[in-house]
Amino acid sequence: MGVFLFVGYLLLMEYVITENQLKTILEQSKEPSMPVIVKLFKMLNEEKKKNKTRASLIQVIENYAPYMNIPPLYALYLLELYLLNYRKDGDYSNLTKKNFVDPRKMKGKTTSNPRAKLYTVAKLPFKGSNLIGQWRNDYNGNPYYEVVSYNWYPVYLFKDDKWYEVVGRYSSSTSRQMSNANPVRWDDYLEEEVYLLSQEEMKMLKQGNTHEEVMKHKLDKLKEFEPELIKRKKTAKTYTWLGGEDEVRFPNANIKFKIKSVDIEGDKAIVTIDIHDVIRRDNEKETPTPQNYLKGEMQGMNQQRAEDKVKIKTREILKDYMATRFKHNDEDPKTQNIEFKFNHLKK
């Protein structure tokens, strides 16, 4: 069946699945919506007559996923969903939430680590090489999905519709595992936020602490870190970069700054930073800089650019205390628990 005929077939049979319906299928705490599942299963029953193997059926789902508004990465989950509930006669009228088999509740299958993402993206149990994905309950009986490295601690955890990622120091092998199992990449179809937690904060979630309690703990730890943060000056470096028509976007320079204070206001930390000066750099050595960047005397540098570069540098320093993943540029994450205020001391 050609692509266009297949699409027409889907439309005529009302098999198109919307993104919201897909989220219903994948919702943590509820069984999938039966009408949506039945539509999907009937379509796959027709395809199964021509595609006899798991690999070919996965290929079918991946090929036609865009026409059903489904991310191709969910192909494995949807295939497991279909095979566990398969009806040879194609009659799914008696399929209910009581007799429906959810693959997320089955024993995890063995897979190679490079394929782990196919399981984690849909929160499916699996067993890799020193890497497992499993559903468990916290001390209050609430379910969560965790991806555990070396049977030691979760590197990813999904609970109450939120993804969490561990931060801190870990081995190169664990880093590779995290790359293989990463359930949400920057360019993912579903633009979910990923919260950053320490091992201690991951443990808090497993024990039953709420998201709000964990976020408060993160700010409390940042406040405890304040005396160390304000001890000494820091440097944010910029490097010469030419824009269009040889416009100097940034000079080779060192931005000298010092964190002045950390103040907790509600669910946010206000980090106040003193920017002392911007000093030119030649062959990695600072050189006398009489030009004042605040007065437009330094080509490629001004107040806003200095603040942006210091903000990028400070976020890297405070990574363990940031709420969510952030890009290493001046773009602010959607959810912020740390805000910055700047004082410019150059006269």
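Reader: What covers the buried residues of α7?

Author: First, the terms. Helices (H or I, at least four residues) and strands (E, at least two) are DSSP runs, numbered from the N terminus. Buried means under 20% relative accessible area, exposed over 50%, and partly exposed in between, with a 1.4 Å probe and protein chains only. Contact means heavy atoms within 4.5 Å. Now the case. The cover of α7 includes α6 (116-120), β3 (131-137), β4 (143-149), β5 (153-159) and β6 (162-166). This is a predicted model: local features need pLDDT of at least 70, side-chain atom pairs count only at pLDDT 80 or more, and totals for chains, interfaces and linings use all residues. Residues are numbered from 1 along each chain as its sequence is written, and side-chain values use heavy atoms, with hydrogens and water left out.

Reader: Which residues of α7 are buried?

Author: Find residues 172-181, which form α7. S173, T174, Q177, M178 and A181 are its buried residues. Seen down the axis, they fall within an arc of 140°, so they line one face of the helix. The arc is taken from the directions that run from the helix axis to the C-beta atoms.

Reader: Which exposed residues does the face turned away carry?

Author: Look for S172 and R176 on that face of α7.

Reader: Which residues are buried in α8, and what covers them?

Author: Read α8 the way you read α7. Residues 199-207 make up α8, and E201, M202, M204, L205 and K206 are buried there. Their cover includes β3, β4, β5 and β6, along with β7 (194-197) and α9 (211-229). Just after α8 comes G208, with a positive phi of about 115°.

Reader: Which sign of phi do most residues have?

Author: Most residues other than glycine have a negative phi. Now check the loop between β5 and β6. D160 sits in it. Its phi is positive, about 50°, although D160 is not a glycine. D161 is in that loop too. D161 also has a positive phi, about 65°, and is not a glycine. At 52% relative accessibility, D161 counts as exposed.

Reader: How many cavities of 30 Å³ or more does a search of the whole structure find?

Author: Work on a 1 Å grid over the protein atoms alone: a cavity is a set of points where a 1.4 Å probe fits but cannot get out, and lining residues have an atom within 4 Å of a point. Points are joined across faces, edges and corners, and a volume is the space filled by probe spheres set on them. The search finds one such cavity. The largest cavity holds about 30 Å³ of space.

Reader: Which residues line the largest cavity?

Author: K159, D160, K162, Y164, L205, N209, T210 and H211 do. Two are nonpolar, three polar and three charged. Here Ala, Val, Leu, Ile, Met, Phe, Trp, Tyr, Cys and Pro count as nonpolar, Asp, Glu, Lys and Arg as charged, and the others, Gly among them, as polar. D160 belongs to this lining, and you met D160 in the loop between β5 and β6.

Reader: What does N130 touch?

Author: Skip residues up to four places away in sequence. N130 then touches V148, S149, Y150 and Q177. Q177 is one of the buried residues of α7. N130 itself lies in the loop between β2 (126-127) and β3. At 43% relative accessibility, N130 is partly exposed. Its C-alpha is 6.0 Å from that of S149, though 19 residues separate the two in sequence.

Reader: Where does S198 lie, and which residues does S198 touch?

Author: S198 is in the loop between β7 and α8. With residues up to four places away left out, S198 touches V166 and V167. S198 and V166 are 32 residues apart in sequence and 5.4 Å apart, C-alpha to C-alpha.

Reader: Is F225 buried or partly exposed?

Author: F225 has a relative accessible area of 26%, so it is partly exposed. F225 is in α9.

Reader: How many helices and strands does the protein have?

Author: Ten helices and 14 strands. Of its 347 residues, 47% are buried.

Note on methods: 1 Å grid on protein atoms, 1.4 Å probe; cavity = no way out; pocket = protein on both sides within 12 Å on 5 of 7 lines; lining within 4 Å.
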